Amino acid sequence: MWHIVINHCAWEYVMENSPRMRLSNASAARLGAFVDRPAFDRREVSPGIVHIGLGAFCRAHLAVYTEDVIAKGASDWGIVGVDTISTAVRDALKPQDCLYTLLSRDNGDDSLRVVGSIIDVMISSDQRREIFELMCTPEIRIVTLTVTEKGYCQDAATGLLDEQHPAVIADLANPTEPNSIPGFLTEALRLRKQAGHPPFTVLVCDNLAQNGTKVHRLVSRFAELRDADLGQFIRDNVSFPCTMVDRITPATQDADRETVAGRLGVQDAWPVVTEPFRQWVIEDQFPLGRPDWEKAGAIMVDDVLPFEMMKLRCLNGAHSTLAYLAVVAGIDTISDAMTDASLPKIIRQLWDNDLIPSLAAVPGTDVKTYTHELEARFQNTGVRHLTLQISSDGSQKLPPRLLEAARELYAAGTEPKVIPLTVAAWMRFLSGKSESGMAYTISDPHADKLTAIFANAENDPERLADSLFTVRDIFGDDLPTNQHFRSSVIGHLRSLITYGTAKTLKDFLANS
Ligand code: CS2
């Protein structure tokens, strides 16, 4: 879930100089029958949801589930998208009536669909007042979010609000003009309370363990720092259901724009490429109502935790493992990593040895079968999911995806086998250079600190690991002092630095 990864100027140039017509309500009506399009009159749709964070993921997931429900008659659940980071998505979507194309790819088998559930896009930097006014109307009953793990200003190891986060400090100093997510939600909820309307439900759709509960705690804490009564009000009165979201959706590339334009015959500034699979498991706690998302295939449950853990660990944990090893080895995509001699065997061991044993039973699901389905999804050559994209924000992703599982295994008296290898690969990855000497950018909120630690350690595995272990908001206090964890990470790191990934993985598999 990246926010803005496109080259803004490049697509604007293409848009302005393309002889093709732009995607719009009018041009969509004339598309060939091979393209699915909104099966409802968009003029009849009114807003019911404000969605914050309009990256590719929510447009392949939440917007599609909601589209399917609107098509069944629920016209009061249109989505107004809000971006808190840049104007790029508004600049791309508004001139095309907020329509966009979803290209679903299953190896060589493609299908195209124009999605119309997003009915407006606003940008918080210049429309903050307007957005708050909308959020204070009784028609808005749900606020959904996809702002990535780092968007919530949390300490990744504890899941508590990072009270020293610059955005938190700035918003506490100027709380009516917030820019952080905790600050934004707090102010919207305060204004809504002042307007005399019951609070909207907050539905967090990011890959955090117990995402709703966690973000409820973060926002209540922020609000409490601002005003104790407001904190208590949010703690007691606002529903934050947990949810598990899943659809592999890479950031859009310019080549995707060209592919979509070639197929559609009209230009779409920001199409989304995704896989056919989608899954959404949601805790059913919506005091002001919700769209009947189950009519579009969502699973409504009382407790999302077992589903969330399975997905976060098995899918996202395997993604991170593949990503760090692959970036260092110079392998660009997940589907290419799945053709490597060792990587598929490594993630099979990760699943079988470290992750499946860490999970509680998942209702109606055989987790081993789930991991075989993941293998097939990772092999999908139609979706060019860049390992470098997945490698972003490791400081935020490693704790919930893998380090929690390691802790639980130690507590149960067993030892993780592959997780220390993933951690070593992440440490080696922080060099910013692949084994063939290709430089890449490390995108992480702690990038400066982490790369400085790498440079100071001068390739000494023990110094490097021990210095990185001092970053408590990644590793906590316990893992660095666990002798098995520490020595396994250092052993793998030594091998990665000395012999490289191919030999390290071969030796690892030979010894397991
Ligand atoms: C990926 C996720 O970028 C990443 O870190 O692991 O975006 C992953 O593709 C989605 O969670 C799939 O649902």
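**Aromatic rings and their partners**

Visitor: In this predicted model, which ring does the charged end of lysine 193 sit over?

Guide: A lysine counts as sitting over a ring if its NZ is within 6 Å of the ring centre and within 35 degrees of the ring normal. The charged end of lysine 193 lies 5.0 Å from the centre of its partner ring, and that ring belongs to phenylalanine 233.

Visitor: At what distance from the ring centre does arginine 278 lie over the face of tyrosine 65?

Guide: Here the charge comes from an arginine, for which CZ is the atom that has to be within 6 Å of the ring centre. Arginine 278 lies over the face of tyrosine 65, and its distance from the ring centre is 4.3 Å.

Visitor: How many aromatic pairs does the structure hold?

Guide: Rings of Phe, Tyr and Trp pair if their centres lie within 6.5 Å. By that criterion, the number of aromatic pairs in the structure is eleven.

Visitor: How far apart in sequence are the parts that the pair of tryptophan 280 and tryptophan 293 ties together?

Guide: The two rings form a tilted pair, 4.6 Å centre to centre with 50° between the planes. Tryptophan 280 belongs to strand β11, whereas tryptophan 293 is in the loop between β11 and β12, so the parts tied together are separated in sequence by 13 residues.

Visitor: Is phenylalanine 485 buried or exposed?

Guide: Phenylalanine 485 forms a tilted aromatic pair with phenylalanine 469, at 5.9 Å centre to centre. Buried means under 20% relative accessible area. Because its relative accessibility is 0%, phenylalanine 485 counts as buried.

Note on methods. Residues are numbered from 1 along each chain as its sequence is written. This is a predicted model: local features need pLDDT of at least 70, side-chain atom pairs count only at pLDDT 80 or more; totals for chains, interfaces and linings use all residues. Side-chain values use heavy atoms; hydrogens and water are left out. Rings of Phe, Tyr and Trp (its six-membered ring) pair if their centres lie within 6.5 Å; planes under 30 degrees apart count as stacked, over 60 as edge-to-face and the rest as tilted. Helices (H or I, at least four residues) and strands (E, at least two) are DSSP runs, numbered from the N terminus. Buried means under 20% relative accessible area, exposed over 50%, partly exposed in between (1.4 Å probe, protein chains only).
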